[in-house]
Amino acid sequence: MTDYDSTGVRCMMLRGGTSRGLYFEPGDLPADPAERDDLLLRLMGTPDPRQIDGLGGSTSLTSKVAVVSRAAHDTADIDYLFLQLGVDQPTVSTQQNCGNILAGVGPFAVERGLVPAGPDETSVRIRMVNSDSVAVATFATPGGRVEYRGDTVISGVPGGAAPVVLAFAGTEGSATGSLLPTGQVRDQIDGIEVTCVDNGMPVVLATAESFGLTGYETHERLAADQPLLGQIDEFRRKAGQLMGLGDPDGTSVPKTVLLAPPRDGGRVSTRSFIPVQPHTSIGVLAAISVVTGMLLPGAVGHELTRGWPADRSRVDVEHPTGHLLVDVIVDGDTDPPRVVRSGVVRTARKLFDGIAFPRA
């Protein structure tokens, strides 16, 4: 039995999109899930709101883990298991994907020799184990080495980096088994009109106005509103039951996203919660699910799409710290509706590669 306290753990830290996480090969972690989770919590410094004795950054956006291995089946090149770790609570959830951390999976796989690099660019088929769906990541590898430098800028990350293009397939019903987990385009929770949708991330959509908000509040303003956060918590618990997710206590899904008309040149303004605390931006797959839901006639937020151009596939989603451009096409003529494609451009950067030591 490995004494990880003494030997440490081989891992790489990467920024993926607007998140940061620890990336591992499964052979570097305990095979038993309970032992693995305990080790990861100690590495991250959880539970502690500051995570001062670990590698976490005191937010859910920086308390993430990717476990990456060669794919078990030939439908993909790589298997990617995402783990969301708590900050002040010792929780480890596998109930969701993470499209931001996904941006670092392809580069990590090349760095570890799990897939060969192309001479100019590399495309990696990644099976997202959490939902058993596949994404393709394409990124620059000049001379067979991952290039992290570049000019692509994404909101929430200072400076530029090389682009990582993510294309998704089969993400409908990632956690719930259905694009519309309630079987309806519109429902009610506590008298509030909602749309529950799952295209890679289970989310419940409502208007900001229905919560007494404008939809343009700052992250700090939302985070300080304890009555609002209590309302969001109760709201998303009822949404989880409605979506067939059971009691969401201790998990990060479903996510609540509040919608408002755009005011910074985008197509919709969003304020999201993960699961109760406000997000400084919006998750990749959450944004894709939001736009997917809005494109459905009768859904909450569909009225905001009336001014969108005829080619609606590229949608600029406003969030508290900027914009996120997603690409979504939905065939609403089928029953149930079918997602034709969805994707996004992200960036990633390797921060360190070495040995990490857990808290005792």
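**Pockets and cavities in close-up**

**View 1. The second largest pocket.** β16 supplies the largest share of the lining, six residues. The model is predicted, so local features need pLDDT of at least 70 and side-chain atom pairs 80 or more, while totals for chains, interfaces and linings use all residues. Numbering runs from 1 along each chain, and side-chain values use heavy atoms, without hydrogens and water. This pocket (an open set of 1 Å grid points with protein on both sides within 12 Å along at least five of seven lines) has 17 lining residues (an atom within 4 Å of a point). R314, L325, G343, V344 and V345 lie nearest its centre. Its space is about 280 Å³ (filled by probe spheres set on the points). β8 (163-169), β14 (314-319), β15 (322-331) and β16 (338-356) each give at least two lining residues (strands: DSSP E runs of at least two residues; helices: H or I, at least four). The lining splits into nine nonpolar, three polar and five charged residues (Gly counts as polar; Tyr, Cys and Pro as nonpolar).

**View 2. The largest pocket.** About 920 Å³ of space lies here. The lining has 41 residues, with S60, V87, I274, P275 and Q277 nearest the centre. β4 (78-85), α3 (99-102), α5 (219-223), α6 (226-242) and α7 (284-294) each contribute at least two. By class, 14 are nonpolar, 20 polar and seven charged.

**View 3. The largest cavity.** Its volume is about 50 Å³ (cavity: a 1.4 Å probe fits but cannot get out). Among its lining residues are P107, F139, Y148 and A348. β7 (133-140) and β8 each supply at least two. Nine lining residues are nonpolar, none polar and one charged.

**View 4. The second largest cavity.** About 30 Å³ lies inside. T18, S155, S281, I282, H319, H323, L324 and R346 line this cavity. Two are nonpolar, five polar and one charged.
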